[in-house]
Amino acid sequence: MSEMAKLIVREREYELPLIEGTEGELAVDIRKLRDQTGLITLDNGYASTGSCESKICFIDGEKGILRYRGIPIEQLCEHSTFTETAYLTIYGELPNEQQFEAWREELRYHTLLHEDLQHIYDMFPTGAHPMAVCSAVVCCLSAFYPRKETESPEISIRRLLAKIPTIAAWTYKKSKGQPLVYPRNDLSYAANFLNMMFRLPTEDYEIDPVAVRAMDQILIMHAEHEQNCSTSTVRMVSSSLANLFASVASGISALWGPLHGGANQRVVQMLAEIHEDGGDVSKFIARAKDKDSGYRLMGFGHRVYKNYDPRARILKGISDEVLTKLGVNDPLFDIAKQLEEVALSDEFFIERKLYPNVDFYSGLILRALGIPTEMFTVMFAIGRLPGWIAHWKERNEAPDARIYRPRQVYQGYTKRDYVPMSERS
Ligand code: CMC
């Protein structure tokens with residue numbers, strides 16, 4: 001007999017099964033709650049709700065632990081590449097040599113975009129936000145590469161992973177009015193992306209190995225983060241059996257918001273604002289502490305991490321190294337360090353366990369690599385793709401997969417009659 005939890009409602013007692021995860025987390029299984037009791041649960045923002053069982057990612061927010069398929073993020077960042085981490089995230093195991101070679105080959109094979117897709121790019125006005133373009137083009141892949149019912153989803157997975165750097169780089173090139181650079185399949189994933197972003201017909205562009213490694217590490221760092229807003233969105237959309245491209249396009253839209261992936265762009269904007277204002281961080285800390293201001297320190301706080309976000313710790317080290325190696329002297333980096341120091345010793349932030357998150361330092365690295373600010377969240381999207389795909393696949397393959405359909409506690413009017421317009425006040 002499995003362990004049970006007891007629920008007492010108006011003197012009636014109900015038993016609900018407990019479920020234990022492999023890392024010891026306990027959950028009350030309420031799947032039968034409504035059928036058995038007529039009750040539902042209410043959990044605004046899903047802070048105490050597990051939406052699924054998953055084998056992809058483990059986070060211990062209290063201890064600051066993040067593992068993809070059991071492997072600590074620190075080890076992946078040091079030893080792996082983004083393409084290898086993508087394989088691990090999607091398929092659950094590190095590839096052997098043969099599997100990895102085949103995987104890399106397939107990702108290279110699919111890097112080109114259908115030429116007609118360029119017309120779609122032409123439709124966007126100059127200055128369109130790259131996230132709008134990126135999400136739209138990813139959704140359009142459903143039209144250009146429809147999957148037959150009988151076809152395996154594997155081809156869509158490879159196409160999407162291979163094409164997203166091209167989609168992202170072309171978004172940038174179009175926004176600059178520069179000629180498109182086609183993918184080069186002799187380059188690594190990150191090097192090919194940088195080449196498509198920065199090569200111009202008028203001058204030489206040397207791909208810096210320091211930039212390539214930093215880009216690869218940033219992508220690894222973003223590859224997966226369990227049931228965050230965009231990943232839950234991908235799972236939600238895929239639960240209606242929407243195709244991979246449509247599901248991921250909705251994930252990209254969810255990521256765009258400043259409380260989620262859009263925060264990396266906002267962090268750099270905030271640091272620039274502090275710099276332009278003379279560099280006094282305490283003024284901005286005071287603003288963030290004032291509830292009436294509605295102002296938040298971007299890149300601080302996390303729903304799950306109540307300790308230093310392990311990704312922020314790694315990224316801080318990488319940013320130090322990259323800036324030194326590339327010889328970049330960025331005053332915003334010093335402001336970031338100051339801000340962190342002051343915030344971490346302030347009672348307001350300590351009490352609420354608000355530490356720097358992944359977005360705090362990633363933007364500074366991207367800036368050092370020459371990535372324009374409005375492209376930052378697109379970089380996050382490229383990185384998060386393996387996670388979205390892994391969750392799309394896991395949900396589709398789950399034996400108990402059902403359409404997502406939460407309930408609500410209705411607090412509106414009770415029944416009332418329609419009033420003709422002539423009688424309304
Ligand atoms: N600056 C100032 N105060 C904050 C901040 C912040 N960045 N974050 C949270 N708080 C306060 C908040 O006002 C609240 O205070 P009180 O308890 O007195 O009302 C308390 O801390 C808890 O905040 P919350 O909004 O209930 O927390 P949440 O778990 O709903 O939100 C968050 C998490 C990440 C949306 C939030 O911390 C935030 O807005 N941070 C800034 C945006 C950001 O950096 N987002 C990136 C998140 S990490 C990457 C990703 O998910 O994409």
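Two residues are in contact here when heavy atoms lie within 4.5 Å. Keep that in mind for this predicted model, starting with helix 17.

**Helix 17 and helix 18**

Asp359, Gly363, Leu366 and Arg367 are the helix 17 residues that meet helix 18, and they touch Phe376, Met379 and Phe380 there. By class, that contact splits into four nonpolar, one polar and two charged residues. Helix 18 covers residues 376-397, and its axis sits 10 Å from that of helix 17, at an angle of about 105°. Angles of 65 to 115 degrees count as roughly perpendicular, so helix 17 is roughly perpendicular to helix 18.

**Helix 17 and helix 14**

Helix 17 (residues 358-368) also packs with helix 14 (residues 310-326), at about 20° and with the axes 8 Å apart. That angle makes helix 14 roughly parallel to helix 17. The crossing of these two is left-handed. On the helix 14 side, the residues involved include Leu315, Ile318 and Val322, while helix 17 brings in Tyr361, Leu364 and Ile365, among others. This contact has 11 nonpolar, two polar and two charged residues.

**The ligand**

Now for the ligand, which has 22 residues around it. His260, Lys291, Arg296, Leu297 and Arg303 are the closest of them. Here are some of the distances between ligand atoms and N or O atoms of the protein:

| Residue and part | Ligand atom | Distance |
|---|---|---|
| Arg296, side chain N or O atom | oxygen | 2.8 Å |
| Leu297, backbone N or O atom | nitrogen | 2.7 Å |
| Gly299, backbone N or O atom | oxygen | 2.8 Å |

How values were computed
Residues numbered from 1 in each chain as written. Predicted model: local features only at pLDDT ≥ 70, side-chain atom pairs only at ≥ 80, totals over all residues. Heavy atoms only, no water. Axes fitted to C-alpha atoms, helices over the stretch in contact; angles between N-to-C directions. Helix = DSSP H or I, 4+ residues; strand = E, 2+ residues; numbered from the N terminus. Parallel < 35°, antiparallel > 145°, perpendicular 65-115°, else oblique. Left-handed = near helix turned anticlockwise from the far one by under 90°. Nonpolar A, V, L, I, M, F, W, Y, C, P; charged D, E, K, R; others polar. Near = heavy atom within 4 Å. Polar contact = N/O pair within 3.5 Å; in protein donor to acceptor, adjacent residues only side chain to side chain.
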